[in-house]
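Student: I am new to this structure and would like to learn how to read it. May we go through its features one by one?
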Amino acid sequence: MGKVKRRMLINAVFGGMAYMSGMLVSIFMTPFLLRRLTDEVYGLIPLINSLVIFLSLVSMGINAALGRYVTYHLARGEDDEANQYFTTGCGLLAGLAMLGLVPLLAIVFALPHLFNLPAGYAVEAQWVALLMGLNCLVNIVGTPLSVPLYATQRLALRYSFDILDVIIRTGLIVAAFLCIRAQVIYVAIATLTSTSVIVVARYRVSRLLVPQLRLARRFFRGVRLRSIFSFSFYMVLSSVGVMLLLKTDILLVNWLFGSTAVTRYSLVSRWNPTIRNVLWTMLAVVTPVVTALQAAGYEDKIRETILRGMRYALLLAVLPCVLFPIFAPQFLTTWVGAKYAGMAPVLMILIIPLSLVIASQPISIVLRGMGRVRFPSLVTVCGAIVNLALSIILATVGGMGMLGIAVATAVVCVVTAVLVYPTYAARRLGLSPSVYFRGYLRPALACIPMVVAAVWMYHSVNLVGWPRLLAGYAVCSVIYLIPAYAIGLRRDDRAILWQTLGLSRVRRDEP
């Protein structure tokens with residue numbers, strides 16, 4: 001188990017690095033693009049991405065199903081069954097990608113009639129939508145080719161490709177804008193090009209490192225489709241809910257307040273899914289481990305995984321979900337200019353409740369690893385529907401404007417994280433709510449010194465400008481690390497940390 005723990009730590013680090021690299025590039029690229037494109041034209045990027053991303057819904061569900069079944073059968077030494085699921089799922093996704101061309105073309109032709117586009121940019125927006133949609137279809141075909149790396153817990157390699165994707169895409173965009181001209185279409189071309197390169201590279205590496213999993217016509221089994229569809233249906237449903245919750249905000253802003261407002265709202269709304277995805281990726285490395293534990297019948301270790309994961313999730317969430325909102329005005333002024341600092345309240349509302357959402361994610365991750373995906377998917381869709389209705393009410397009848405859209409998202413996230421998931425975990429997984437919520441105490445106490453220091457710095461120190469702002473973040477982070485280790489972690493947590501790092505002997509066999 002010591003080897004598994006070390007691999008999980010490495011996978012988590014690389015997962016965090018993958019999303020952190022994307023976040024850092026976004027911090028650089030956003031002002032780079034804003035200076036060369038108008039607010040209206042820049043708004044085409046998040047608007048179109050929020051629309052065409054729905055094409056990838058099918059692949060999300062089937063990819064999760066493949067990861068689940070391939071991992072399960074490999075853990076039991078059933079290579080033929082694993083290859084049957086792998087080949088059947090990849091063939092299914094290739095066919096669905098071809099069918100996806102029909103709704104993509106419909107989106108392209110309907111785009112100018114559905115949304116407020118900048119004058120004179122209708123044709124370019126259609127080309128951008130076509131290229132971004134093709135990028136989604138390439139991902140549908142290519143993403144399952146990394147399932148061998150997931151199933152064998154070699155996620156560090158998988159995330160390394162994500163980092164390389166960010167580097168290639170950013171380099172192509174910068175080169176096109178500096179050497180040719182500043183046009184939004186080059187963003188779409190660079191995205192499609194980098195994705196295609198990474199898909200080919202990912203397949204080659206997976207084939208070399210995990211030769212027991214391979215694509216072959218003789219492994220295709222129609223009987224496996226039922227299991228794949230049964231699992232993937234609820235994963236697709238869950239993905240629909242997540243997208244409705246996080247992506248329709250941009251569409252609502254466009255319909256209610258116009259294309260310029262899309263740019264302003266997207267600058268702050270992007271950080272919710274970014275932080276969520278960074279921490280989800282770091283925590284989700286335990287998913288294939290949970291599948292293997294279930295295959296071996298270790299139910300008690302699965303419950304312990306939830307509790308340990310919740311503590312780790314809260315400790316990881318403090319810096320982005322507490323410190324980031326406190327310095328929101330200074331961050332926005334430094335990043336994109338003082339005229340956007342007025343969006344700081346929206347940023348705070350979207351980010352602060354996210355710590356509670358992240359605390360509940362270990363429950364969702366464990367349920368996915370165990371194959372119990374029906375309940376999370378239904379909760380996510382219901383929450384998304386409530387969020388959509390509440391957003392419209394607060395933004396229009398409630399007179400709150402864009403702030404109302406953010407408030408609706410925050411309300412839904414808090415209710416789901418604090419009431420729904422803990423209640424389900426108590427009923428179905430035998431996890432006591434009192435034991436679960438006691439896990440909040442240590443991380444909450446650990447962050448108090450940092451919060452006091454951050455609030456004092458906010459009122460007493462000028463933090464505008466990258467050197468001062470980064471220095472403020474660094475000081476608060478150092479203040480947080482000591483109590484996070486001493487108070488936030490229990491003795492067994494600290495022991496496992498040192499064991500995982502290879503600096504002490506393994507004493508217990510724990511997940």
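Tutor: Certainly. Please keep in mind that this is a predicted model.

Student: Where should one look for the interior, and which residues have the most contacts inside the largest nonpolar core?

Tutor: A nonpolar core is a set of buried nonpolar residues joined through side-chain atoms within 4.5 Å. Here the largest such core has 150 residues, and Tyr 265 and Phe 327 have the most contacts inside it. Helix 15, residues 299-326, gives the most to this core, with 13 residues.

Student: Which residues is Phe 327 in contact with, leaving aside its neighbours within four places in sequence?

Tutor: With those neighbours set aside, Phe 327 touches Ala 454, Met 457, Tyr 458, Leu 463, Leu 469, Gly 472, Tyr 473 and Cys 476. There is also a second, separate core of seven residues, among them Ala 12, Ala 18, Tyr 150 and Tyr 159.

Student: How many helices and strands does the protein chain have?

Tutor: The protein chain has 24 helices and zero strands. Its radius of gyration is 23 Å, close to the 24 Å that the globule rule gives for 511 residues, so the chain is as compact as a globular protein of that length. Along the principal axes, the C-alpha atoms fill a box of roughly 60 × 60 × 45 Å.

Student: What share of the residues is buried, and what do the contacts tell us about the chain?

Tutor: A residue counts as buried when its relative accessible area is under 20%. Buried residues form 55% of the 511 in the protein chain. Of the contacts between residues at least 6 apart in sequence, 83% join residues at least 24 apart.

Student: Is helix 3 largely enclosed or exposed?

Tutor: Eight of the nine residues of helix 3, residues 44-52, are buried, so this helix is largely enclosed by the rest of the structure. The buried residues are Leu 44, Ile 45, Pro 46, Leu 47, Ile 48, Ser 50, Leu 51 and Val 52.

Student: How does one read a single position, and where is Thr 291 found?

Tutor: One may ask for its element, its burial and its contacts. Thr 291 lies in helix 14, residues 287-296, and is buried, with a relative accessible area of 1%. Beyond its neighbours within four places in sequence, Thr 291 is in contact with Arg 68, Thr 71, Tyr 72 and Gly 369. Thr 291 and Leu 66 are 225 residues apart in sequence, and their C-alpha atoms are 12 Å apart in space.

Student: What does the protein chain expose?

Tutor: The protein chain exposes about 21700 Å², of which carbon and sulfur atoms supply 67%.

Notes:
Residues numbered from 1 in each chain as written. Predicted model: local features only at pLDDT ≥ 70, side-chain atom pairs only at ≥ 80, totals over all residues. Heavy atoms only, no water. Helix = DSSP H or I, 4+ residues; strand = E, 2+ residues; numbered from the N terminus. Rg over C-alpha atoms; globule rule 2.2 N^0.38 Å. Buried < 20%, exposed > 50% of the residue type's maximum accessible area, 1.4 Å probe, protein only. Contact = heavy atoms within 4.5 Å. Areas by Shrake-Rupley, 256 points an atom, 1.4 Å probe, with all protein chains shown as cover.
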